[in-house]
Amino acid sequence: MRKALLAAIVLFASLGVFAQEPAQDGARAQDPWSAGTFAGFRLRAVGPALMSGRISHIAVHPTDKQTWYVGVASGGVWKTSNAGITWTPVFQNEGAYSVGSVVIDPKTPSTIWVGTGEANNQRSVGYGDGIYRSDDAGRTWRNLGLKTSEHIGRIVIDPRDSDVVFAAAYGPLWTSGGDRGLYKTIDGGKSWTKVLEVSEHTGISDVAMDPFDPDVLLAVAHQRRRHAWTLIHGGPESGLHKSTDGGKTWRRVREGLPGGDMGRIVLSFSPAKQGVVYAKVEPAGAPVAIFASPDSGDSWERRGNVQAQPMYYKNIHADPKNADRLYVPTVQTQVSDDGGRTFRGLGERSKHVDNHYVWIDPDNTDHLLEGCDGGLYETWDRGRLWRHFTNLSVTQFYNVDVDNASPIYNIYGGTQDNSTLGGPSRSRGPQGPTNNDWFIVTGGDGFVARVDPSDPNIVYAESQYGGIVRLDRRTSERVSIRPVEGKGEPPLRFNWESPFIISPHNPARLYFGANKLFRSDDRGNTWRAISPDLTRQTDRNMLPVMGRVWPPEAIAQHQSTATWGNISTLSESRKREGLLYVGTDDGLIQFSYDGGGTWRKSENPPGLPDYKTYGVYVQRVFASKIDENVVYAIYENSKNGDFKPYVFKSANRGATWTSIAGDLPANGPALSFAEDHVNPDLLFCGTEFGLFFTADGGKKWIRLRTNLPTIAVRDLAIQEREDDLVLATFGRGFYVLDDYAPLRQATAAVFQKDAHLFTGKPALLSVPETGKARGSQGEQLWMGENEPEGAVFTYWIREAPQTLRQRRQDAARAAEQKKETPKYPTPAELTAEADEDAPQTLLTVTDASGKVARRLTVPGGRGIHRYVWNLRGVPATTGGGGFGGGGGGGGGQADPPAIPGGTGGGSFVPPGVYKVSLSRRMDGALSSLGAEQAVTVVADPASTMSPTARTAATEYQDKVAKLQRSITGSLEQANSMKTRTTAIRAALVDSPADLKMLDEAVRFDQRVTAVLRKLRGDETLRGLESGSPSTIQSRVNSAVAGARGLSGAPTGTQQQNYAIAFDELSAEITRLRALEAELKKFEQQMEAAGVAYTPGRWP
């Protein structure tokens, strides 16, 4: 499936560039400043998958246990049809990426329901846009409403009638209102009725249907609210409700449950015993406990306590066979065998903790699937030993940085609960890096990572709340360098992802933000504060939540919330040392022009909501790389229920601000930002749902989405040497946009041209390391996507060429629009259409002498295209060459390239400067398209070849190409003669000719066989291990390997084989030519004798 998917990607990328755009009117379709124009800028997924990511739900096909659907907290839905050997993302281009619930219709398993918006209340939760349904096993989806629910707690389907479905709409976490309550549909989701409603602050977090009586339902009402400064996880409106008539009427259940304010309740009916239902209850002022009911929820009994924060762990699971066994996912999953009275650990050996969902195989209850913060695990012995699925690339990255390692740079980033990781941006193999190419910088929740620009072996990373370490990759030593307050000073306040930077003016200087800004000039060994407290210093306990100030006894108050009032982002100008900018979680931007000596405050830029006592979270500040007076700021207001993007620019060092959010989508907070280091008007912005760029400084934003799913882009980094844009996504790992430099050159003037070739970066001449191919390691081996090998040409085509048939069809459509009858083509016109040679768009590469090095047929539709030249010259034969190389024992081929390109060709071209031009061949005429561009091919820096040796190698390649053509032609001619002599012998048997002619035919056949055996060997000796001598063909193959498979000099053996093959082939060609002349004369004699026609004979 993986190979088929990649093949589909290649096909898609070569189709019309407006394939991703919906149907548009003529004016908009012709606007080049639209997403379709830039569809050729494909982002590649580089993973990794070794740590995977948070799994929220697991659904297994009721009759096909090999088919699973896995809901990822912030990574869509993934499907496997082979029990996890391979995975396909089936929910990645919809309106949301965060998944709270996945349900398979038990009667029609091809119908899948997805509730979007993770139903946990952690700080990193994503929000959704309602309920989706697929009726074709996940291939296509329809949004069925409840779009402002934001979080769906559970979906249950009536087993008697698949059109009857209940949805627990939890409602917005960060504000009031929205689609909040229990909803029911009786028409498969076409319409919904709210059957249980509490208030604007209280939604339905869970719903459970009695497996023995589907009319009996339990629903959990939960009052909660989170903001950047707090969490309130319960209140008087929380409680349990029951219906016995299919949701028509409801009553609140109180018997046996705690009184007073209540937090979250989590439910699970036992399929093993009628009436038994379990609940995890979060009471006020008491530990979280398990309650049990023997009567389907009418009355309850408290059982045992359990350490499982309902804020983050929303599921419990009753065993399908044993009514007394209950699984409680938590940090370390707990299991009870006595109805919830006592618990023991299920087992976490060699496994990630923080568990969220357990699927229990109803046919073998020792077989479990468990989803946790570290991905998906499977056990066949009920938790003793686990298998981890290391092929689900759904890691949640907060931040990203890159180093300057050459020729392959490394990517670093911190993750949600999966450490800080580092690894290569690509591999030298025909496929991308594997998980083994990645390494852990530091553990815990990972956040900011920085690499010393003067020494790539020094890497800084941090865990939560400022746990910064310095790693020396040479020794693997990690040193904690977290700053601390001085003696007698108040404690520091750290952000969940505390910001720190390396000064662009001194690699030993670090800046680190707590509530004060700290500076170190010795790589973190010592620190000194260079600012006072830069926050508002507001008492968060006095801020109203849900219309009131809550007491200290409020349920789970401030749980999983950073200490309010801290620095959330910082930046130093690379143009002016000491020009510092700091943003805070309570809405302030502070700046210093003198390295922290004095500070000025900025707040409430125009258009930003003003909350008076607290501000809007400052997500990013970014000092311009080009202009010391320019600074950018992103505010993120989703924690107040506001999902607009807020992007600002100041041209006077923060004194005043102007919005540059332009036409960014209104639903999608801005999260990350990058400024091109050459063109100050070329900006990038990552949002909650994707990546955008602007070429005019923020007036118009354009989405870049080819191969990038709907996902939050939390951070951006530019590898300036390569002009690569690297994305940290929150749920789909790292992505790379290779060589975005043509975006700098995209102007209105360019789009007015019929065609344009953009300048590209130098192409590295390197040989893929086939030992790093997938080979025979199986399909479960995860591999990232590699950058295409070779030169990537980027070009613009204004209008696609049309064939005669297309022109006729366009004319017919135009006539129909005018209510006219289209002209019917004449037979001659139809014949002309059939005979027409289709238009071709060509890229021609020439060397310094003007000789054609390669001519490639490329896509010619409207838009910007990218096409790869693999740096190979003109092929010696039409069948020569292919993508990638063989690996030992694998038997398969490498994956095709993600960007279309020429995959055949001859030997590698030598390093140097080449010219590339674009042309179109149409109606028998060749026309030039735009000006030519230069492309530089550079040698692998690991190569030690001298210029003299490289010249000799090039001359050798030319000689071998001629030899290859000669052996191919000789074999073709000899095989053709063999076909003729075999037919001649058969025809002469039954003919009026003298049988002496048959004897002559036999001698011809024997002579041809002798030549073939000299060329390719004696077929009768194959497989006998008889030590047969080298053939001309085997010697040519050896010589060709020295030319095509290498970028350097051939070996002495290869040159020896060339010399021997050249001499021997020359002799056999002489024999073949003589034999051909004699055979033609003999065929004329056959014609005269009336022998039946034989192939190759002219009458």
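**Salt bridges and overall architecture of the chain**

In this predicted model, Glu1076 has a relative accessible area of 18% and therefore counts as buried, the limit being under 20%. The side chain of Glu1076 meets that of Arg980 in a salt bridge, with 3.1 Å from N to O. Because Arg980 belongs to helix α7 and Glu1076 to helix α10 (residues 1052-1088), the pair ties together parts of the chain that are 96 residues apart in sequence. Arg980 is likewise assigned as buried, its relative accessible area being 8%.

A second pair is formed by Arg428 and Asp940, whose closest N and O atoms are 2.3 Å apart. Arg428 is placed in the loop between β34 (420-424) and β35 (439-442), whereas Asp940 is placed in the loop between β68 (933-939) and α7 (947-989), so that this salt bridge ties together parts 512 residues apart in sequence. The two partners fall into separate accessibility classes, since Arg428 is partly exposed at 25%, while Asp940, at 10% relative accessibility, counts as buried.

A third salt bridge joins the side chains of Asp298 and Arg251, at 2.2 Å from N to O. Here too distant parts of the chain are linked, with Asp298 in the loop between β22 (289-293) and β23 (301-305) and Arg251 in strand β19 (residues 251-253), 47 residues apart. Asp298 counts as partly exposed at 27% relative accessibility, and Arg251 is also partly exposed, at 41%.

These pairs belong to a total of 66 salt bridges in the structure. Besides such pairs, a network of salt bridges links Arg426, Arg721, Glu722, Asp724, Lys761 and Glu787. With regard to charge as a whole, the chain carries 123 positive and 123 negative charges, and the mean positions of the two sets are 2 Å apart.

At the level of the fold, the secondary structure comprises 10 helices and 68 strands. The C-alpha trace spans about 115 × 75 × 75 Å along its principal axes, and the radius of gyration of 35 Å agrees with the value near 31 Å that would apply to a compact globule of 1099 residues. Of these 1099 residues, 59% count as buried. Among contacts between residues at least 6 apart in sequence, 59% join residues at least 24 apart. The accessible surface of the chain comes to about 42900 Å², of which carbon and sulfur atoms contribute 50%.

Terms used
Residues are numbered from 1 along each chain as its sequence is written. This is a predicted model: local features need pLDDT of at least 70, side-chain atom pairs count only at pLDDT 80 or more; totals for chains, interfaces and linings use all residues. Side-chain values use heavy atoms; hydrogens and water are left out. Helices (H or I, at least four residues) and strands (E, at least two) are DSSP runs, numbered from the N terminus. The radius of gyration is taken over C-alpha atoms; the globule rule is 2.2 Å times the number of residues to the power 0.38. Buried means under 20% relative accessible area, exposed over 50%, partly exposed in between (1.4 Å probe, protein chains only). Contact means heavy atoms within 4.5 Å. Accessible areas come from the Shrake-Rupley method with a 1.4 Å probe; for residues, only the protein chains shown count as cover. Lys and Arg count as positive and Asp and Glu as negative; His and the chain ends are not counted. The place of a charge is taken as NZ of Lys, CZ of Arg, CG of Asp or CD of Glu. A salt bridge is a side-chain nitrogen of Lys or Arg within 4 Å of a carboxyl oxygen of Asp or Glu.
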